[in-house]
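Got the viewer open? Let's take a walk through this one, a selection at a time.

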Amino acid sequence: MTSLAFKVKSKNGQQILKDLTSESTVGELKMFLSSISDVSAERICVLCGYPPKPLDISNDNKKITDIGLKTGESLIVEEKSAPAPENKKPEMTKPVENGVSHETIGPCRPGILMKKVVPSDNSCLFTSIGFVLNGNIDTTVHTLMRQIIAMEVASDHNTYNEGVLGRPNAEYCAWIQQPSSWGGAIEVAILSRFYGLEMAVVDTLNAIINRFGEDKNYGQRVFLLFDGVHYDPLYLEQSDGGIQTIFPSEDMDIYREAEQLAKEAKSSRQFTDLNKFTLKCMICNKLLTGQVEAQKHAKETKHTNFGEV
């Protein structure tokens, strides 16, 4: 019989649970979690892993080791919503085209925030934005988005000067329309304004959220995950199999979930160290390690077309 310990996060804060063993049952786990979190055992929902996923705690007689729990894991305790009165339908999200809901969800969200992995093809930012807008992965959307950005930059030389862009305005406009060019903060800001959405970039390297369009008071918000090099979209996976990618700006519950995801990703070192990742010069095929080597190579050769390896 082995002693087990878990880190437990609930509305009462973070605590360590050390009173269980490999022989303990799911029913015992729920009893202890209920005393820690002040949530009744019947209403407890337990999330575990990264990204956090619900554990099956429906069978009180099962051993906790049989549901996949290992010592040292973090458990997030939430409270299930109360059953809706029979004469009142529960508040649900309204699905729209492609299975993506753009409606406000109820106070007890039926799902968890998840990452959708998109290809690492130098257009991951644009593919990710396309996903949160349309609910599917379309690797061709970058062409239109690059054109939108180029037109915006070309129309405002004062705002988008060489100091901001790092190169002359016309040169930037030609550069951003190349499929090999990466998008970043400038491009996110422009697309946020174009689509009329706040774009919250969850930075796992620094465990912060950078909000583009925050000052515009947009009514809706989307989330993108950024690990220092690569972008992926975030979405809410719901219990009925649907997904939601666009959220009301006043929904701070989902915002806090994104903040927690960023912190846990950083603590798990799920980010890319810019000093160690590998790039390939697409002009001469030279492999380069880190951002500094890439910048040095560009300065020496005038080669500016790099790809992820």
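Start by selecting phenylalanine 223, which is buried at a relative accessible area of 0%. Keep in mind throughout that this is a predicted model. Now add tyrosine 255, also buried, with a relative accessible area of 8%. The structure has six aromatic pairs. One of them joins phenylalanine 223 and tyrosine 255 in a tilted arrangement, with 6.3 Å centre to centre and 50° between the planes. This pair links distant parts of the chain: phenylalanine 223 belongs to strand S10 and tyrosine 255 to helix H7 (residues 252-267), 32 residues apart. Bring in Phe247 as well, and you have one aromatic cluster made of Phe223, Phe247 and Tyr255.

Next, select residues 124-134, helix H2. Is this helix mostly covered or mostly open? Mostly covered: 10 of its 11 residues are buried. Among the buried ones are Phe126, Ile129, Phe131 and Leu133. Just past the end of H2, click on glycine 135, where phi is positive at about 80°.

Stay with H2 and pick isoleucine 129. Which residues does isoleucine 129 touch once its neighbours within four places in sequence are set aside? They are Met145, Leu191, Met199 and Leu224. Nonpolar side chains tend to be buried together in soluble globular proteins. Here the largest nonpolar core counts 31 residues, and Ile129, Ile149, Val153, Tyr172, Leu191 and Tyr231 have the most contacts inside it. To see where that core comes from, colour H2, helix H3 (141-154), H5, helix H6 (185-195), strand S8 (198-203) and S10, each of which supplies at least two residues. There's also a second, separate core of 20 residues; try selecting Val26, Ile57, Ile67 and Leu75, which belong to it.

Then show arginine 167 and tryptophan 175 as sticks. The charged end of the arginine sits over the tryptophan ring, 4.4 Å from the ring centre.

Now for the cysteines. Cysteine 124 is buried at a relative accessible area of 5%, while cysteine 284 is partly exposed at 35%. How many disulfides does the structure hold? Zero.

Time for some backbone angles. Most residues other than glycine have a negative phi. Select aspartate 38, a non-glycine residue whose phi is positive, near 65°. Aspartate 38 lies in the loop between helix H1 (26-37) and strand S3 (44-48), and at 55% relative accessibility it counts as exposed. Jump to asparagine 217 for another case: not a glycine, yet with a positive phi of about 55°. You'll find asparagine 217 in the loop between strand S9 (208-212) and strand S10 (220-226), exposed with a relative accessible area of 69%.

Last stop: colour by pLDDT. The chain averages 80, and 78% of the residues score at least 70. Where is confidence highest, and where is it lowest? It peaks in helix H5 (residues 169-176), at a mean of 96, and bottoms out in strand S6 (residues 100-101), at 40. Widen the selection to residues 84-110 and pLDDT stays under 50, though the model has 51 contacts beyond four places in sequence for this stretch. Residues 270-276 are also below 50, with 22 contacts in the model beyond near neighbours in sequence.

Terms used:
Residues are numbered from 1 along each chain as its sequence is written. Side-chain values use heavy atoms; hydrogens and water are left out. Buried means under 20% relative accessible area, exposed over 50%, partly exposed in between (1.4 Å probe, protein chains only). Helices (H or I, at least four residues) and strands (E, at least two) are DSSP runs, numbered from the N terminus. A disulfide is a pair of cysteine sulfur atoms within 2.5 Å. Rings of Phe, Tyr and Trp (its six-membered ring) pair if their centres lie within 6.5 Å; planes under 30 degrees apart count as stacked, over 60 as edge-to-face and the rest as tilted. A charge sits over a ring if NZ of Lys or CZ of Arg is within 6 Å of the ring centre and within 35 degrees of the ring normal. pLDDT is the predictor's confidence in each residue, from 0 to 100. Contact means heavy atoms within 4.5 Å. A nonpolar core is a set of buried Ala, Val, Leu, Ile, Met, Phe, Trp, Tyr and Cys residues joined through side-chain atoms within 4.5 Å.
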